[in-house]
Amino acid sequence: MVLVATTRVGSLARTEPGCGYSQELLAELAANIPQGLSSGAIRYRRILIPLLVGASDLFILREGLIAHALRMRGADVAFVLCDGLPVCDARTIDNDRPDACTACFGRGADSLVRFGHSTYALSSFIDLGVARRLWDRARERPAEALFSDWYAGVDLGPFVYASTLRYFRSGGFDPQSPAQRIKAREYLGAALVQTEAARRAITILKPDKVFSSHGIYVSWGPWAGLSAAMNIPYDSYGGAWRRNTLIAQHDQPRGFHCDDLWERVRDRPLSAQQCAELDVYLATREDNSADFLRYFDGVDRDLTALYSRLGVNPAAFERRTAIFTNVAWDAAPLRPQGAFSSPFDLVEAVIERTRHHPKTLLLIKVHPAESRHLEATSSEWTMRTVIERRIGTLPDNIRWIGADDNVSNLALYRTIDFGLVHTSSVGLEMALAGLPVLTPAAGAHYDKPGLVAAIGDRGDYLRRLDRWLAAGPDFSPDVESARRYAYTLYFRKSLPFEPVDVIGWSPESVRIRSLAELAPGRFRGLDALCDGILLDSPFAVADGTA
């Protein structure tokens with residue numbers, strides 16, 4: 001029997017059938033919803049999941065299955081679905097349909113109800129008059145204060161900023177742009193309304209823990225912030241690098257790091273099996289063939305052809321280096337840390353410094369996601385456009401490698417003397433290859449002693465860079481330590497999510513025939529995820545189980 005969705009504070013108006021993929025799955029699984037759920041000893045029994053993008057087959061399927069697994073371990077799980085905020089993070093400047101809200105809520109609600117989950121509409125938790133006053137508050141906020149509003153103990157600025165940049169896929173906020181000011185104001189209004197609705201939902205439903213994806217943008221951030229303000233435990237998750245794995249964190253928004261594990265395992269040597277496992281995966285990083293997102297459909301290892309395309313002879317230089325850029329809209333925090341305020345400022349400073357070292361060749365490798373991601377960077381905010389707007393023509397010892405160039409990063413590592421990054425994941429790859437790496441200590445997860453040289457003061461960074469450009473690096477990574485770190489990140493911390501096969505943001509296939517397979521003991525990655533949520537155990541798999 002399918003459990004009927006309940007709502008104690010409102011009704012669920014389903015406007016269209018369940019989304020196609022979930023409907024297909026439900027036809028196979030609905031008759032097998034397990035009965036007689038476990039009542040084992042767990043620390044957190046009432047779990048609240050704010051699922052704010054109901055039109056996403058991936059979120060509905062993944063979080064629906066996680067919720068079933070939690071119920072089978074004795075939890076009482078409820079969902080809150082957005083049903084009408086005028087802006088959200090399912091929308092971008094080139095994908096902003098006026099009917100998005102109706103379709104999104106209808107698909108999500110119908111699917112969750114069919115999955116047998118208790119589901120509540122977000123609007124059920126906020127009075128219309130209160131919502132209007134909060135929208136008025138956002139409309140009256142001065143433009144210079146759009147990212148500095150607090151409500152109910154939550155700093156909304158970072159969420160509003162991140163969502164605004166993501167909407168426009170821009171590398172910064174332009175206060176002179178009417179469109180950006182309008183959209184930022186709308187995101188502030190949405191954040192205020194959602195924070196108040198979340199406050200009421202937590203007060204009424206009294207969860208022991210809140211669990212959600214992201215925890216970064218306006219669609220999820222207020223729940224993370226409010227959980228902290230109300231002293232409610234909060235867990236977040238997101239897709240990890242390796243395909244079909246997740247990274248989850250306790251009491252913080254989604255973070256791609258293994259800080260909770262690293263200090264405990266940093267001195268633990270890798271076994272021969274673990275070394276082999278790591279080497280196999282690292283080889284796939286060249287074309288992302290084993291990753292969650294794939295940017296290449298082939299790689300070019302011909303460096304002679306590369307330098308011919310660039311019109312430069314590498315042998316004419318005493319030293320060679322490369323800076324690997326970030327996707328600007330995804331790496332521009334409201335309140336930067338480290339030596340530079342943005343990836344653009346870092347690249348500009350590196351160019352200006354390298355200009356005075358004509359015997360050193362600098363390659364600027366643009367991140368492939370600028371053009372190959374589902375959400376390509378807006379043309380006016382690509383790294384090359386911004387830098388050329390700032391400084392004009394490059395000197396002869398500096399060359400661009402474009403986002404569409406298929407040159408192999410692993411091949412590039414063999415032709416340079418050291419690497420430069422902001423926070424790009426290739427910083428760890430270069431350390432693994434034995435290359436010295438200089439970072440501005442901007443928060444990269446691998447900014448660890450022995451792995452890279454991380455310099456957080458601008459003056460100190462530039463002086464160190466000058467020395468490297470003039471005479472070569474004075475730092476060498478501890479490759480063994482880097483390998484232990486990489487194994488911890490990619491295998492111990494990254495939890496296999498076994499029930500579903502995912503490519504990018506699309507579920508490709510379901511690996512279970514019955515929801516009974518989600519019971520404890522069937523899938524080690526799922527067990528570790530559920531234990532982390534229900535028991536506060538580390539989100540990690542034991543050695544040898546990845």
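This is a short talk on how the strands, helices and buried residues of one predicted model fit together.

Hi everyone, and thanks for coming. Please keep in mind that we are looking at a predicted model. I'll take the two sheets in turn, with a few helices and residues along the way.

Let's start with the sheet of seven strands. This sheet is open, its pairing is mixed, and its strands come in the order S3-S2-S1-S6-S7-S8-S15. Which strands stand at the edges? They are S3, residues 118–121, and S15, residues 495–496; each has a single partner strand, so one side of each has no neighbour in the sheet. If sheets are new to you, here is the general idea: strands pair through backbone hydrogen bonds, either parallel or antiparallel.

Now find S1, residues 46–51. S1 pairs with S2 in the parallel sense, over six bridges. One residue to look for is Ile49, which stands opposite Phe79 in S2. S1 also pairs in the parallel sense with S6, residues 209–213, and here there are two bridges. Look for Leu48 this time: its bridge partner in S6 is Val210.

Is S1 mostly covered or mostly open? Mostly covered, since five of its six residues are buried.

Next, the helices that pack on this sheet. Helix H7, residues 221–229, touches S1, S2, S6 and S7, and its direction makes about 155 degrees with that of S7. Helix H17, residues 479–493, touches S8 and S15, and its direction makes about 100 degrees with that of S8.

Let's stay with H17 for a moment. At its start, a side-chain oxygen of Asp478 comes to within 3.2 Å of the backbone nitrogen of Glu480. We can also check the length of H17: at 1.5 Å a residue, its 15 residues should span 21 Å, and the end C-alpha atoms are 20 Å apart, which agrees. How many of the residues of H17 are buried? The count is 13 of the 15, so H17 is largely enclosed by the rest of the structure.

Two residues are worth a stop here. The first is Thr245, in strand S8. Thr245 has a relative accessible area of 5%, and because buried means under 20%, it counts as buried. Leaving out residues up to four places away in sequence, Thr245 touches Gly238, Gly239, Ala240, Ser494, Leu495, Pro496 and Phe497. The other is His257, in the loop between S8 and helix H8. Its relative accessibility is 13%, so His257 counts as buried too. With residues up to four places away again left out, His257 touches Gln249, Gln252, His445, Leu489 and Lys493.

Let me also show you helix H3, residues 100–115. H3 has 16 residues and reaches 22 Å from its first C-alpha to its last, close to the 22 Å expected. Twelve of those 16 residues are buried, including Cys104, Phe105, Leu112 and Val113. Just after H3 comes Gly116, with a positive phi of about 90 degrees.

Now for the nonpolar cores. The largest one has 101 residues, and those with the most contacts inside it are Ile47, Leu70, Leu156, Trp223 and Ile533. Which helix gives the most to this core? That is H6, residues 178–205, with twelve residues. As for Ile533, its contacts beyond four places in sequence include Tyr44, Ile47, Leu70 and Phe211. Apart from the largest core lies another, of 45 residues, among them Leu270, Tyr413, Tyr446 and Leu451.

That leaves the sheet of six strands. This sheet is also open, its pairing is parallel, and the order is S11-S10-S9-S12-S13-S14. S11, residues 398–401, and S14, residues 453–454, stand at the edges with a single partner strand each, so one side of each is left without a neighbour in the sheet. S9, residues 319–324, runs parallel to S12, residues 418–421, and four bridges join them. Ile323 has Leu420 in S12 as its bridge partner.

Helix H11, residues 343–354, packs on this sheet, touching S9, S10, S11 and S12, with its direction at about 160 degrees to that of S10. Helix H16, residues 458–471, lies across S9, S10, S12, S13 and S14, running at about 155 degrees to S13.

That's my tour. Thanks for listening, and do turn the structure around for yourselves!

Notes:
Residues are numbered from 1 along each chain as its sequence is written. This is a predicted model: local features need pLDDT of at least 70, side-chain atom pairs count only at pLDDT 80 or more; totals for chains, interfaces and linings use all residues. Side-chain values use heavy atoms; hydrogens and water are left out. Two strands pair if DSSP finds at least two bridges between them. Contact means heavy atoms within 4.5 Å. Axes are lines fitted to C-alpha atoms, for helices over the stretch in contact, and angles run from 0 to 180 degrees between N-to-C directions. Buried means under 20% relative accessible area, exposed over 50%, partly exposed in between (1.4 Å probe, protein chains only). A nonpolar core is a set of buried Ala, Val, Leu, Ile, Met, Phe, Trp, Tyr and Cys residues joined through side-chain atoms within 4.5 Å. The expected span of a helix is 1.5 Å times one less than its number of residues. A polar contact is a pair of N or O atoms within 3.5 Å; within protein, one must be able to donate a hydrogen and the other to accept it, and residues adjacent in sequence count only if both atoms are side-chain atoms.
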